[in-house]
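Reader: Could you walk me through one part of this model in detail? I'd like to look closely at a sheet and whatever packs on it.

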Amino acid sequence: MEAQDVRVLLIEDDPDDALLMEKLLVKSCKPSTNFLIERADRIEKALRSVIENNFQLIVMDLTLPDGKGLETFEKIHEAAPTIPIIICSGLTDRTLALEAIGKGAQDYVIKGEVDQRTLEKVILYALERRHVQEMKEEFVGMVVHELRSPLAISRASIELLLNKVPESQQRFLSMSIESMERLNRLIDNLMEVTTLELGKVKLTKGGMDINALARDICASFEPLARQKGLELKNNFPAEKVITSIDKDKITEVWMNLVSNAVKFTEKGSIEMSIIDKGNEVECGVSDTGCGISEDKLEKLFGKFQKFRSEGTAGEKGTGLGLAISKGIITAHGGKIWAESRPGQGSRFLFTLPVR
Ligand SMILES: Nc1ncnc2c1ncn2[C@@H]1O[C@H](COP(=O)(O)OP(=O)(O)OP(=O)(O)O)[C@@H](O)[C@H]1O
Ligand SMILES: [Mg+2]
């Protein structure tokens, strides 16, 4: 049987430690697998590598020349949420390593203490856990996909009946159709979030003026904002801002943020903004709506997070829009976050690298 290649990223700045770890990794490798190890000695290099390559495992130190502590782990984990990470720390970083586990690292080993057998087990378990997770997500994807056809058939049948029943009964069928539309949206969103979580999304990137894109989106929301009596403003630079993006996917992110802003704002205004920061572009959507409390801000980008907001019609959403947006921005190598003052409004921001 041919050995299976496993691409490993080793993030370590000390050349001796890196060499030792590399040797240990090679020894810990099962005969059925073949580790292809790439090394990065800085976070910046590691982040670039993570976006460009398809790694299956990351082994990393927490102290690097361009970053220290938990933040180092968080940056890498955010850029590669689906790849298992094993922390390889010095003795003094033990507490930090434990905290990293709480934030999603698979395991940790102590430099100089870890032997081949322990590392072998740690790696095996990390890869296996990831595999099980992938199988679960693939299963969800498959089930959700299978729901599409029966739903489409039922909907077509009900539509056919709609004009054939007495008017007094039509509203029941219309309610049915509405529910089916909602289910359809849920299916589409679930499919998308699953693909993003599995790291299987394929971006079709091209050079694009994000300014022009945002202007079109702003114009398309004008009627909806006016209908609600909201002012829709924009703060875009005069010049073009060329980014390498998947146009449809970034449109989806803007649309979700602006539609959320409209949905959760009863009076005042919404502003779309773009700031060209040289190496990255920062895009934002702010509103004067109900806002989000601090404890909810953390959970906001998770799946199925819907918080009942007073006086809004937020119940109709699937609660997947922000999870999808986060997946899309992460896949582009950017970041997305939110700031808010409950009762006063919220601001959603995302960055995209500019090359
Ligand atoms: N601008 C905002 N102001 C206040 N709360 C918000 C805002 N944007 C999002 N939220 C809160 O975050 C939750 C999750 O948003 P998300 O876009 O993921 O889902 P949704 O809008 O409810 O559903 P969908 O996007 O599928 O229509 C919302 O239900 C709402 O409680
Ligand atoms: Mg939404």
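Author: Start with helix H7, residues 210-227, which lies across E7, strand E9 (269-276) and strand E10 (280-287) in this predicted model. Against E9, H7 runs at about 180 degrees.

Now for the sheet itself. E7, E9 and E10 belong to an open sheet of five strands, and the order goes E7-E9-E10-E12-E11, with mixed pairing. At the edges you'll find strand E7 (231-235) and strand E11 (336-341), each of which pairs on one side only. On average, neighbouring strands here are turned by 15 degrees against each other, if you ignore direction. As a reminder, strands of a sheet pair through backbone hydrogen bonds, either parallel or antiparallel. E11 and strand E12 (residues 345-353) take the antiparallel option, with six bridges joining them. If you want a spot to zoom in on, try Ser340, whose bridge partner in E12 is Ser346.

For the wider setting, the domain assignment splits the protein into domain 1 (4-114), domain 2 (135-197) and domain 3 (206-353). The centres of domain 1 and domain 3, taken over C-alpha atoms, sit 33 Å apart.

Since you do chemistry, have a look at ligand 1 too. There are 22 residues around ligand 1, and the closest are Asn260, Phe264, Gly317, Gly321 and Leu322. Helix H8 (247-263) and helix H10 (321-331) each give at least two residues to that shell, and H8 has the largest share, with three residues. By character, the shell breaks down into eight nonpolar, 12 polar and two charged residues.

Note on methods
Residues numbered from 1 in each chain as written. Chains lettered and ligands numbered in written order. Predicted model: local features only at pLDDT ≥ 70, side-chain atom pairs only at ≥ 80, totals over all residues. Near = placed C-beta within 6 Å. Helix = DSSP H or I, 4+ residues; strand = E, 2+ residues; numbered from the N terminus. Nonpolar A, V, L, I, M, F, W, Y, C, P; charged D, E, K, R; others polar. Domains from an automatic or database assignment. Pairing = 2+ DSSP bridges. Axes fitted to C-alpha atoms, helices over the stretch in contact; angles between N-to-C directions. Contact = placed C-beta atoms within 7 Å.
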